[in-house]
Amino acid sequence: MNIQIYGTKKCFDTKKAQRYFKERNIRFQFVDLKEKELSRGELRNIRQAAGGIDAILNESCKDQDALALVRYIAEEEKEEKLLANQQILKTPIVRNGKQATAGYQPDVWKHWHS
């Protein structure tokens, strides 16, 4: 397994995800989205693996204006706006190769290592 956890140091669910993998002795790489944002390619891969843009948006994010903008603009413009407003992504984003989840989803992760 090659686990990457994208999130922020202050995100409670990101901390829970890190603890989940630590408790199972599964190594992971943590990427702080405040220090290093997702690239276009990473965002595309995560979006496809997680089930589309709506699956990776954080409905309860602080920046509701950016969330509304991404939700209601033309489909071809969404990726660009999402790259510029990564604070509206649901975290943690957990990747395992071609698989990815957004949010705390231990029920999915347990199938990755079973």
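## Around Thr8, and out into the sheet and helices

Leaving out residues up to four places away in sequence, Thr8 touches Thr14, Phe30, Asp32, Leu33 and Lys34; a contact here means heavy atoms within 4.5 Å. The model is predicted, so to speak of a local feature takes a pLDDT of at least 70 and a side-chain atom pair counts only at pLDDT 80 or more, while totals for chains, interfaces and linings use all residues. Residues are numbered from 1 along each chain as its sequence is written, and side-chain values use heavy atoms, with hydrogens and water left out.

Thr8 sits in the loop between β1 (3–7) and α1 (12–23). These element names are DSSP runs counted from the N terminus: helices (H or I) have at least four residues and strands (E) at least two.

Buried or exposed? Here are three residues, where buried means under 20% relative accessible area, exposed over 50%, and partly exposed in between, using a 1.4 Å probe and protein chains only.

| Residue | Relative accessible area | Class |
|---|---|---|
| Ile5 | 0% | buried |
| Thr8 | 18% | buried |
| Asn25 | 72% | exposed |

Asn25 belongs to the loop between α1 and β2 (28–32). Its phi is near 55 degrees, a positive value in a residue other than glycine. Most residues other than glycine have a negative phi, and most peptide bonds are trans. There's a cis bond to look at too: the one joining Thr91 and Pro92, with omega about 0 degrees. Pro92 is in the loop between α5 (75–84) and β3 (93–96).

Now for the sheet. It's an open one with four strands in the order β2-β1-β3-β4, and the pairing is mixed; strands pair if DSSP finds at least two bridges between them. β2 and β4 (99–102) are at the edges with a single partner strand each, so one side of each has no neighbour in the sheet. From one strand to the next, the twist averages 15 degrees. β1 and β2 run parallel, paired over five bridges, and Ile3 stands opposite Phe28 in β2.

Ile5 is part of β1. Beyond residues up to four places away, its contacts include Phe21, Phe28, Pro92 and Val94. α1 lies across β1, β2 and β3, at about 160 degrees to β1. For such angles, axes are lines fitted to C-alpha atoms (for helices, over the stretch in contact), and values run from 0 to 180 degrees between N-to-C directions.

The largest nonpolar core has 20 residues, and Leu38, Leu82 and Ile88 touch the most other members. A core like this is a set of buried Ala, Val, Leu, Ile, Met, Phe, Trp, Tyr and Cys residues joined through side-chain atoms within 4.5 Å. Two or more residues each come from α2 (40–50), α3 (53–56), α4 (64–72), α5 and β4, and α4 gives the most, with three residues. Apart from this core lies another, of nine residues, among them Ile3, Ile5, Tyr20 and Trp112.

Last, a helix pair: α4 and α5 pack at about 160 degrees, with axes 8 Å apart. That makes the two helices roughly antiparallel, a label for angles over 145 degrees (under 35 is roughly parallel, 65 to 115 roughly perpendicular, the rest oblique). Leu69, Val70 and Arg71 of α4 meet Lys78, Lys81 and Leu82 of α5.
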